[in-house]
Amino acid sequence: MRASRNTLPAVLAVALFLFVSLGATAPRDDYKTLEVGQAAPPFSLPGVDGKTYTLDSFRSAELLLVIFTCNHCPTAQAYEDRIKTLVTDYGSRGVAVVAISPNDPSAVRLDELGYTDLSDTFEEMQLRAEDKGYNFPYLYDGETQSVSKAYGPVATPHAFLFDKNRTLQYVGRIDDEERIGKAKKHDLREALDAMLAGKPVPNATTKTFGCSVKWADKSGSVERALARWQAEPVSVEPINIEGVRELARNDTDKLRVINVWATWCGPCVTEMPEFVDINRMYRGRKFELITLSIDGPGVEADVLATLQRNHVSTKNYYFGQEEAYDLIEALDPAWQGPIPYTILIKPGGEVAFRQVSTIDPLELKREIVKQIGRYYD
């Protein structure tokens, strides 16, 4: 039955009540970006160095530069060294620099990590800060995102520059080109130089380019992506010695990881989920993961069942022959034979990484990103 005009307001009221009562999250557009002339919102956030930082922690600084950035975003990674250089160039002139990660790590999908070895948890922030030698405080706002909602960054990185009274004087990009060494307009430096000289900022508001902030209400997309991946078909194909040689030659334009395993090898099966995550992270780029079972003849069904239980929806091969030593020579003469065994092969066949026994996932991810790049081309 069609609702009459008189009943429509009541229907809308009920829908609104249900929307609110079910705890729906406010739209991300509601987090307005702080405007020039507004005061710096207070904060109290944990830093990767174990300290808690507040706005008052920087009270002696002439200027305060707050940059919202993160681990995983390729644009954010492209600006890491530039932020460090800002600290070096302006720290002695009374400028304090603090970085805040606004992202809720539970809202970051694996396929959004194709340019990084680390996601955005607090523990991974600590690893990135140590690895890159950050010379500025790096703070975590991913638990509540309350500070990020108050400042309103739209992308990572996003810069907010405050004067001595902590009034916003510049908001926007660091410069006009994320590609390293290509920038022509250094807006943030111009703002810093102007303020330190007691002059007005020439261009106080600019747009900023980068990855969108991962607000908590995006976590649903993570769950949907996982369900989609779990439903992908899993298969396994037989392979012979010549096929193994072809894998080793890698006559493709893709970086290739080959994991050699067997159903009877406990560590092999235990680490399989790590390879599944790695595949989901990087398969959108010039990368492929291949698994190679060396179980021997007669157990192909067990091999397939193990792959299916672990949702290994990549290219899977089954070496069901008895010539184990021929396989070793065909795949990698430097391999002595124990499994699990993992190699990373560059296009053209050069081996860039070898690991006997279980992998260190972070070590392998770092090598993958080293080969395929952390930044946009």
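Me: Buried means under 20% relative accessible area, exposed over 50% and partly exposed in between, with a 1.4 Å probe and protein chains only. On that basis, how many residues of strand β3 are buried?

Reply: This is a predicted model, in which local features need pLDDT of at least 70 and side-chain atom pairs 80 or more, whereas totals for chains, interfaces and linings use all residues. Residues are numbered from 1 along each chain as its sequence is written, and side-chain values use heavy atoms, without hydrogens or water. Strand β3 (a DSSP run of E, at least two residues; helices are H or I, at least four, and both are numbered from the N terminus) spans residues 63–68 and is mostly covered. The number buried is 6 of 6.

Me: Which residues of β3 are buried on the side that does not hold L63?

Reply: In a regular strand the side chains alternate between the two faces of the sheet. In β3, L63, L65 and I67 lie on one side, and both faces are covered. The buried residues on the other side are L64, V66 and F68.

Me: Which residue of β4 is the bridge partner of L65?

Reply: β3 pairs with strand β4 (residues 95–101) in the parallel sense over 6 bridges (pairing needs at least two DSSP bridges). Within β4, the partner of L65 is V97.

Me: Which residue of β7 stands opposite V66?

Reply: β3 also pairs with strand β7, residues 158–162, and here the sense is antiparallel, over 5 bridges. Opposite V66 in β7 stands F160.

Me: Which elements are included in what covers the buried residues of helix α3?

Reply: Helix α3 covers residues 80–90, and its buried residues are E80, R82, I83, L86, V87 and Y90. The elements that cover them, judged by contact (heavy atoms within 4.5 Å), include β3, α2 (74–78), β4, α4 (122–132) and α6 (187–196).

Me: Which residues of α6 make the contact with α3?

Reply: The axes of α3 and α6 (lines fitted to C-alpha atoms, for helices over the stretch in contact, with angles from 0 to 180 degrees between N-to-C directions) come within 12 Å and cross at roughly 15°. From α3, the contact takes in T85, L86, D89 and Y90. From α6, the residues are L188, R189, L192, D193 and L196.

Me: What are the edge strands of the open sheet of 6 strands?

Reply: The order in this open sheet is β10-β13-β12-β11-β14-β15, with mixed pairing. Strand β14 (residues 341–345) pairs with β15 in the antiparallel sense over 5 bridges, and T342 stands opposite Q355 in β15. The edge strands, each pairing on one side only, are β10 (237–238) and β15 (351–356).

Me: Which residues of α12 make the contact with α8?

Reply: Helix α8 (residues 241–249) and helix α12 (residues 324–331) pack at an angle of about 25°, and their axes are 8 Å apart. The α8 part of this contact is I241, V244, R245 and A248. The α12 part is D326, L327, A330 and L331.

Me: What share of the residues of the protein chain counts as buried?

Reply: The protein chain has 13 helices and 15 strands, and its C-alpha atoms fill a box of roughly 80 × 70 × 35 Å along the principal axes. Among contacts in the chain with a separation of 6 or more, residues 24 or more positions apart account for 77%. Of the 377 residues, the share that counts as buried is 49%.
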